[in-house]
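Trainee: Please take a close look at a single part of this structure, and set that part within the whole.

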Amino acid sequence: MPALVNYSGDDDFYSGPFCSGDSGILLSIGSRVDRYCPARKRARISGPLVVEGSVFEDKRPSIDRLPDECLFEIFRHLPGGRERSASACVSKRWLTILSGVRSAEFYRSKVPQGQSDDMNVDLASNNTESISADEDLEVECDGYLTRCVEGKKATDVRLAAIAVCTSSRGGLGKLSIRGCNSNRGVTDLGLSAIARGCPSLRFLSLWNVPSIGDEGLFEIARECHSLEKLDLCQCPSISNKSIVAIAKSCPNLTALTIESCLNIGNESLQAVGKYCPKLQSITIKDCPLVRDHGVASLLASATSLMKVKLQTLNISDCSLAVIGHYGKSITSLVLSGLQNVSQKGFWVMGNARGLQTLAYLAITSCRGVTDLSLEALGKGCPNLKQMCIRKCFFVSDNGLVAFAKAVGSLESLQLEECNRITQTGILNAISNCNSKLKSLTLVKCMGIKDLSPESLMLSPNESLRSLSIRSCPGFGSMSLAMLGKLCPQLHHLDLSGLCGITDTGLLPLLESCEAGLTKVNLSHCVNLTDEVVFALARLHGGALELLNLDGCQKVTDASLGVLANNCPLLYDLDLSKCSITDSGVAALSRVVQPNLHILSLSGCSMISNKSITALKKLGRTLVGLNLQHCYSIGSRTIELLTENLWRCDILS
């Protein structure tokens, strides 16, 4: 008590009502009693304190009480990217404010003019650790980083975080947004944050983001003047206004893709052609507002255009006439689903003689492609090297042969679902084609029938190196025999899905190939037997590198021993669904296979756990082993193989 009575220290005395912070109980004591209140830990009170009917607001200072304008100014003075990233993690409000600061608005400390260089050196030496911690402060934002957000991860908050965190680490160069969160999807706010924080953005791809509209792209146009590639797919809220703004503000744009955007039309293409002199690639697909006027204006203005894709558009012969006249720099042209273009349009495009540099041409589902127009294209494209025709039902043997004679530089020809083309047309095209043709591909051409060819004066094609005939059920043994005589220098042979061919028909073709086959695909040729494998190993074993026998159920263990002894360069062997047993695997492993890297035994149900020793031996060089649907191999065997063949990727 004497100590309390005579106390004269720094602690305070309080007269009046007393409140105990520990108990939280409000006490009412007469004001005539003076009490000693020693210094103690402050009670944590988050709300106003009520004492005897009076309200006392918590007057402690807090940065959260500052308005957004003050926080904006504070954040603008943060010294480096590390501090900005740490501040952005505090709350969504801070992240939102930080993402609103443009990259150019951040404060850059400058050395006063009167400060000497010696003083700068001393400061640097005394603060080495501090400088090291903030070494990313002065990193140039040249756009080295790439980010891709998909599905549920595509939100405004994530985009804001990307904008804040990448600005000081090389800068964001590529951004792809695929889909969006159903509850909190990407909107114009998120894209605006990217624009303000990432002025170095060069590539922007938006797929299936219906909530992004013109406002977001307006901000991109205002801030990202280095934009080179823009890819828009299924963006119904984006209209001509924002594309025009992009065209005016981004003169370095070199590639533009617009797919399934319902509100983008002719005005956008006109602006792009006018304001983007460096444009080299344009893809427009399924945009109902794009018509002849927009396409013609773009192609007439964009003199540097090299790659053009026009798919499922409401354009007519006029657009193709413009392509044929102004497409002097076009090297790749893809036309698909142009139902309103007639034979006249393709004929004029070829006869305009403007496509002098065209090297690749692909036409799909265009009813205007006929024998007459195809011949005109062959004559009008003297440097055409690759030609692909799909689902053009009015092209017949006459048009194919005329095209083969007219085109002078063709190296690759691909025909898919052209059902009026027959065996005679194929053989004549191969014989009459120029000496540069290296690859011929036929897919699902139902008009080809295995008939005995007429007495034709056909000369062999010495340049053809690759022949692929897939899923043409009418192609049989007689056709193969004729092809063998016409193509003596084949290296690659793909006959997958030809159920009608037999050993008798394929053997003459194998014997005619003088150069040595390196890649052979006979998958799902169900009538082939071990005899074909024996012939392959005997005639081409020294060059054979890839052999696919998937689904050839008549191939047995006898083939594996022959392959092991005669094919030292074989690196990819597919025996899926063949009649292979443990004996066949053992025969394959008896001879060291130094180059065998990929082995597929999927669906070989007769292979059991007994093959583990042989598989371990083969696994010394394997990097891929497919044991799917091998139901006689137990899980324990798979585990042992996985442990021993740690370099090999095993599918089971």
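Mentor: What follows starts with the whole chain, turns to one stretch in its later part, and ends with two other helix pairs.

This is a predicted model, in which local features need pLDDT of at least 70 and side-chain atom pairs count only at pLDDT 80 or more, while totals for chains, interfaces and linings use all residues. Residues are numbered from 1 along each chain as its sequence is written, and side-chain values use heavy atoms, with hydrogens and water left out.

The secondary structure of the protein comes to 24 helices and 26 strands, taken as DSSP runs numbered from the N terminus (helices H or I, at least four residues; strands E, at least two). Of the 652 residues in the protein, 48% are buried, a term that stands for under 20% relative accessible area (exposed is over 50%, partly exposed in between; 1.4 Å probe, protein chains only). Among contacts (heavy atoms within 4.5 Å) with a separation of 6 or more, 81% join residues 24 or more positions apart.

The stretch to examine closely begins with helix α17, residues 423-432, in which Q423 lies. Q423 counts as buried because its relative accessibility is 6%, and its side chain is joined to that of S479 by a polar contact of 2.9 Å. Such a contact is a pair of N or O atoms within 3.5 Å, one able to donate a hydrogen and the other to accept it within protein, and residues adjacent in sequence count only if both atoms are side-chain atoms.

S479 is itself one of the buried residues of helix α18 (residues 477-486), together with S477, L480, L483, G484 and L486. The buried residues of α18 pack against α17, the strand β19 (466-470) and α19, so to follow the packing onward one can turn to α19.

Helix α19 spans residues 503-512, and its axis comes within 10 Å of the axis of α20, with a crossing angle of roughly 5°. That angle is why α19 counts as roughly parallel to α20. Axes here are lines fitted to C-alpha atoms, for helices over the stretch in contact, with angles from 0 to 180 degrees between N-to-C directions; under 35 degrees is roughly parallel, over 145 roughly antiparallel, 65 to 115 roughly perpendicular and the rest oblique.

From α19, the residues D503, L506, L507, L510 and E511 meet E531, V532, A535, L536, L539 and H540 of α20. By class, the residues of this contact are seven nonpolar, one polar and three charged, where Ala, Val, Leu, Ile, Met, Phe, Trp, Tyr, Cys and Pro count as nonpolar, Asp, Glu, Lys and Arg as charged, and the others, Gly among them, as polar.

The loop between β21 (519-521) and α20 (530-540) holds C525, which counts as buried because its relative accessibility is 0%. Leaving aside neighbours within four places in sequence, C525 is in contact with L495, G497, L498, I501 and C552. The C-alpha atoms of C525 and S496 are separated by 6.4 Å, although these residues are 29 apart along the chain.

Two other helix pairs can be described in the same terms. The axes of α8 (residues 188-197) and α9 (residues 214-223) come within 8 Å and cross at roughly 5°, which makes this pair roughly parallel. In α8, D188, L191, S192, A195 and R196 meet E215, G216, L217, E219, I220 and E223 in α9, and the residues of the contact divide into four nonpolar, two polar and five charged.

For α15 (residues 371-380) and α16 (residues 397-406), the axes come within 8 Å and cross at roughly 10°, and the two helices are therefore roughly parallel. D371, L374, E375, G378 and K379 of α15 meet N398, G399, L400, A402, F403 and A406 of α16, a contact with five nonpolar, three polar and three charged residues.
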